[in-house]
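Trainee: I should like to learn how to read a structure of this kind, feature by feature. May we begin with a single residue and work outward?

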Amino acid sequence: MGGARPGILVLGAGGHGKAVLDLLLAAGAFDPAGVVDAVPRVAAVLGVPVLGNEALLPALRARGIAAAHPAVGDNVQRLAAAARLGAAGFALPALVHPAAILGRGAVLGDGVAVMARAVIGPEARLGRLVLVNTGAIVEHDCIVEDGAHIAPGAVLAGGVRVGAGAMVGAGAVIRPGIVVGAGAMVAAGTAVVADVPAGATVAGVPARPLPQSAR
Ligand SMILES: CC(C)(COP(=O)(O)OP(=O)(O)OC[C@H]1O[C@@H](n2cnc3c(N)ncnc32)[C@H](O)[C@@H]1OP(=O)(O)O)[C@@H](O)C(=O)NCCC(=O)NCCS
């Protein structure tokens with residue numbers, strides 16, 4: 001260590017790990033100290049070394065790296081990874097790409113990632129470990145609960161509520177004030193015009209239920 005910026009560890013060397021490192025390198029608030037992965041397959045991601053697997057977590061924490069990020073796209077796996085990082089003593093700061101826009105009064109929970117060109121409207125609230133992906137829009141007064149993922153280019157109009165662990169697929173559009181239940185899946189490109197029950201999968205324009213077998 002010894003640099004002016006605090007170090008941060010990235011858990012996950014896959015595609016989302018690469019996007020998170022791109023965010024960190026652009027933002028400059030943290031110094032990416034390395035990447036760990038369940039099964040390391042590459043030596044480095046964007047020039048940041050892959051140090052090994054999660055067995056290294058205690059040693060890396062002891063070395064003085066105090067912050068980490070679970071860079072895993074899957075909601076269930078991201079929450080599990082965050083729990084392992086927390087148990088190893090890492091703090092999970094919210095990360096915001098410098099090309100994202102945060103409205104006045106927006107609230108971000110621990111471990112949130114707001115990727116490039118995303119917009120979080122005024123007084124929107126993101127729970128812990130929410131992922132707002134590239135170019136997504138979470139309009140004013142939306143509430144996105146813990147561990148949900150708003151995929152690239154999705155649009156939540158004003159006052160939408162997305163339940164814990166739900167996934168809103170790429171390019172989906174959700175009408176104002178709609179409630180998407182916990183653990184629901186909104187397929188890519190869907191237009192959501194009515195509330196989505198918890199755990200349901202919906203697809204199409206307008207949204208219709210997809211059988212659970214198609215998840
Ligand atoms: C909804 C989803 C999870 C279904 O995946 P799946 O279980 O592999 O389903 P399949 O591709 O086998 O498709 C099952 C049926 O649903 C339909 N379907 C799948 N995705 C659809 C979509 N986005 N819109 C409309 N219909 C869709 C298929 O046409 C198929 O219909 P059929 O049975 O009449 O042929 C997936 O298509 C999806 O949209 N995932 C979101 C991906 C995303 O945005 N990721 C972002 C990563 S950053």
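Trainee: Where does Val193 lie?

Mentor: This is a predicted model. In it, Val193 belongs to the loop between strand S22 (191-192) and strand S23 (201-203).

Trainee: Is Val193 buried or exposed?

Mentor: Between the cut-offs of 20% and 50% relative accessible area, a residue is called partly exposed. Val193 has a relative accessible area of 35%, so it is partly exposed.

Trainee: Which residues does Val193 touch, not counting those up to four places away in sequence?

Mentor: Val193 touches Arg175, Ile178 and Pro206. For a sense of distance, Val138 is 55 residues from Val193 in sequence, and their C-alpha atoms are 16 Å apart in space.

Trainee: Where is Pro206 found, one of those contacts?

Mentor: Pro206 sits in the loop between S23 and strand S24 (208-210). The peptide bond that leads from Val205 to Pro206 is cis, and its omega is near -5°.

Trainee: Which backbone angle deserves attention at Glu123 and at Leu129?

Mentor: The angle is phi. For Glu123 phi is near 60°, a positive value in a residue other than glycine. Leu129 likewise has phi near 60°, again positive in a residue other than glycine.

Trainee: Where are Glu123 and Leu129 found?

Mentor: Glu123 is in the loop between strand S10 (119-120) and S11, while Leu129 is in the loop between S11 and strand S12 (131-132).

Trainee: Which of the two is buried, and which is exposed?

Mentor: Glu123 has a relative accessible area of 53% and is therefore exposed. Leu129 has a relative accessible area of 2% and is therefore buried.

Trainee: Let us turn to sheets. How do the strands of a sheet pair?

Mentor: Strands of a sheet pair through backbone hydrogen bonds, in either a parallel or an antiparallel sense. In this model, one open sheet consists of 5 strands in the order S8-S11-S14-S17-S20, and its pairing is parallel. Strand S8 (107-108) and strand S20 (179-180) are at its edges; each has a single partner strand, so one side of each is left without a neighbour in the sheet.

Trainee: How many bridges join S11 to S14?

Mentor: Strand S11 (residues 125-126) and strand S14 (residues 143-144) run parallel and are joined by 2 bridges. Within this pair, Arg125 stands opposite Ile143 in S14.

Trainee: In what order do the strands of the open sheet with mixed pairing stand?

Mentor: The order of its 5 strands is S3-S4-S2-S1-S5. The edges are taken by strand S3 (44-45) and strand S5 (67-70), each with a single partner strand, so one side of each has no neighbour in the sheet.

Trainee: Which residues cover the two faces of S1?

Mentor: The residues of S1 are themselves the covered ones. On one side Gly7, Leu9 and Leu11 are buried, and on the other Ile8 and Val10 are buried. In total, 5 of the 5 residues of S1 are buried.

Trainee: How many bridges does S1 form with S2, and how many with S5?

Mentor: S1 and S2 pair in the parallel sense over 5 bridges, and Leu11 has Val36 in S2 as its bridge partner. Strand S1 (residues 7-11) also runs parallel to S5, and 4 bridges join them. There, Val10 stands opposite His69 in S5.

Trainee: Are the faces of S5 covered or open?

Mentor: Both faces of S5 are covered: Ala67 and His69 are buried on one side, and Ala68 and Pro70 on the other.

Trainee: In which sense do S2 and S4 pair?

Mentor: Strand S2 (residues 31-36) and strand S4 (residues 48-52) pair in the parallel sense, over 2 bridges. Val35 stands opposite Val50 in S4.

Trainee: How many helices and strands are there in the protein chain?

Mentor: The protein chain has 3 helices and 24 strands. Of its 215 residues, 46% count as buried.

Trainee: What does the radius of gyration add?

Mentor: It allows a comparison with a compact globule. For 215 residues such a globule would have a radius of gyration near 17 Å; the protein chain has 17 Å, which agrees. The C-alpha trace spans about 55 × 40 × 25 Å along its principal axes.

Methods: Residues numbered from 1 in each chain as written. Predicted model: local features only at pLDDT ≥ 70, side-chain atom pairs only at ≥ 80, totals over all residues. Heavy atoms only, no water. Rg over C-alpha atoms; globule rule 2.2 N^0.38 Å. Buried < 20%, exposed > 50% of the residue type's maximum accessible area, 1.4 Å probe, protein only. Pairing = 2+ DSSP bridges. Contact = heavy atoms within 4.5 Å.
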